[in-house]
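Hi,

Here is the structure I said I would pass on. Have a look at it first, and then read my notes below on what turned up.

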Amino acid sequence: MKPSPHSGSAAPRGRKDPVLLAFGPNLKPVRILRRVNRFAVLVECHGEERLAHLPNSGRLQELLRPQTPGLVRLVEAPGRRTVGDLVLVQAAGPQGTGWVSVDARLPGRLAQTILQRRLLRQAPVFQEIRTEVRFGQSRLDLAGTEAGTGRPFWGEAKSVTLVEEGVARFPDAPTARGRRHLEELIAAARQGALAMVLFVVLRDDARLFAPHEENDPAFAEALSRAAASGVQVRAAACAVSPEGIRWLRELPVRLKAPQA
């Protein structure tokens, strides 16, 4: 295993813990009872059992344990079956009291803000960054143009919620979609574009990032090939609280050499 040249960094001088996203006031405390299906979880809210939408298809087994505290964003809409979206659970760190964001829709927006504010070490400067743009057979999270050169930029942001002994790991379940995105980024890099995959760690107890080879060896191998092909592999840890998500630091990335 070897570290990426883009090793851990804090926010640039004069930019202490910038706010990346504010949650607002409409969060209601709940307790997790059980997961019902891929996108629904049963919660206890003021003594009543209610169904909440889970905006994350990952396994999340270490997070969605019975009686785990959580926060739901209330959503009132005619005909809606759920009370709202489960956005935070309190399950990070050795004491299990740290907050984790389980909203997998956020990393694209967070990555856009991180890049626009140039919070990564030796970050490129962009004229623009758009989200959800089609490339090849996929819709990638990020697209834009590098300032000065006009070089095209393509990027993907991945939501990371699993941390094992200080190591942020992705994925927590096999992901054919994630592997396809890496292949698209490899193709973009070979065409001369600036390509990047940014792993956004939505909790604050990680010291470094490494792919979860045991869960998805094909993804880990594809990530190593992507790095060898010129795709930037970066990772960022966030400080998560009921108030919102703040930039914490860039994490070192540990990858195996690609297979011959």
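**A hairpin to start with**

Strands β5 and β6 form a hairpin with 2 residues between them, and H46 in the turn has a positive phi of about 50°. Before going on, please keep in mind that this is a predicted model. The two strands of that hairpin, β5 (residues 40-45) and β6 (residues 48-53), run antiparallel and are joined by 6 bridges. If you want a landmark there, look for L42, which stands opposite L51 in β6.

**Rings that meet**

Next, the aromatics. There are 6 aromatic pairs in the structure. Take F199 and F209: their ring centres are 4.2 Å apart and the planes sit at 20°, so this pair is stacked. F199 belongs to strand β15 (residues 194-201) and F209 to strand β16 (residues 208-211), so the pair ties together parts that are 10 residues apart in sequence. Are these two rings buried or exposed? F199 is buried, with a relative accessible area of 0%, and F209 also counts as buried, at 0% relative accessibility.

F199 has another partner in F219, and that aromatic pair is edge-to-face, with 6.4 Å from centre to centre and 85° between the planes. This pair links distant parts of the chain, since F199 is in strand β15 while F219 is in helix α3 (residues 217-228), 20 residues apart. F219 is buried too, with a relative accessible area of 0%. If you step back, ring pairs link F170, F199, F209 and F219 into a cluster.

**Two nonpolar cores**

Some of those rings come up again here. The largest nonpolar core has 33 residues, and the members that touch the most others are W154, V197, F199, F209, L223 and V231. Which parts of the chain supply at least two residues each? They are β10 (126-135), β11 (138-146), β12 (152-160), β14 (167-170), α2 (176-190), β15, α3 and β17 (232-241). Helix α2 gives the largest share of this core, with 5 residues. As background, nonpolar side chains in soluble globular proteins tend to be buried together.

W154 is worth clicking on. Setting aside neighbours within four places in sequence, W154 is in contact with a long list of residues, among them V133, F135, L140, L142, L185, A188, L194 and M196. There is also a second, separate core of 31 residues, which includes V87, L88, I114 and A236.

**The largest pocket**

How much space lies in the largest pocket? About 800 Å³. Its lining is made of 33 residues, and S57, A104, S159, F170 and R177 lie nearest the centre. So F170 is worth a second look, as it is also part of the ring cluster. At least two lining residues come from each of α1 (107-116), β10, β12, β14 and α2. Strand β12 gives the most to this lining, with 5 residues.

**H181 in helix α2**

One residue I would pick out by itself is H181, which has its place in helix α2. H181 counts as buried, at 1% relative accessibility. What does H181 touch, not counting residues up to four places away in sequence? Its contacts are S138, R139, L140, E156 and K158. L140 is also one of the residues in contact with W154. As for G58, H181 is 123 residues away from it in sequence and 17 Å away in space, C-alpha to C-alpha.

**Strand β18 and its partners**

Last, follow the chain to β18 (residues 244-250). Of the 7 residues in this strand, 5 are buried, so β18 is largely enclosed by the rest of the structure. Which strands pair with β18? One is β3 (residues 19-22), which runs antiparallel to β18 and is joined to it by 3 bridges. Within that pairing, A22 has G244 as its bridge partner. Another is β17, which pairs with β18 in the antiparallel sense over 6 bridges. There, C238 stands opposite W247 in β18. β17 and β18 are joined by a hairpin through 2 residues. You have already met β17 above, as one of the elements that supply at least two residues to the largest nonpolar core.

That is what I have for now. Happy browsing!

Key:
Residues are numbered from 1 along each chain as its sequence is written. This is a predicted model: local features need pLDDT of at least 70, side-chain atom pairs count only at pLDDT 80 or more; totals for chains, interfaces and linings use all residues. Side-chain values use heavy atoms; hydrogens and water are left out. Two strands pair if DSSP finds at least two bridges between them. Helices (H or I, at least four residues) and strands (E, at least two) are DSSP runs, numbered from the N terminus. Rings of Phe, Tyr and Trp (its six-membered ring) pair if their centres lie within 6.5 Å; planes under 30 degrees apart count as stacked, over 60 as edge-to-face and the rest as tilted. Buried means under 20% relative accessible area, exposed over 50%, partly exposed in between (1.4 Å probe, protein chains only). A nonpolar core is a set of buried Ala, Val, Leu, Ile, Met, Phe, Trp, Tyr and Cys residues joined through side-chain atoms within 4.5 Å. Contact means heavy atoms within 4.5 Å. On a 1 Å grid over the protein atoms alone, a cavity is a set of points where a 1.4 Å probe fits but cannot get out, and a pocket is an open set with protein on both sides within 12 Å along at least five of seven lines; lining residues have an atom within 4 Å of a point. Grid points are joined across faces, edges and corners, and a volume is the space filled by probe spheres set on the points.
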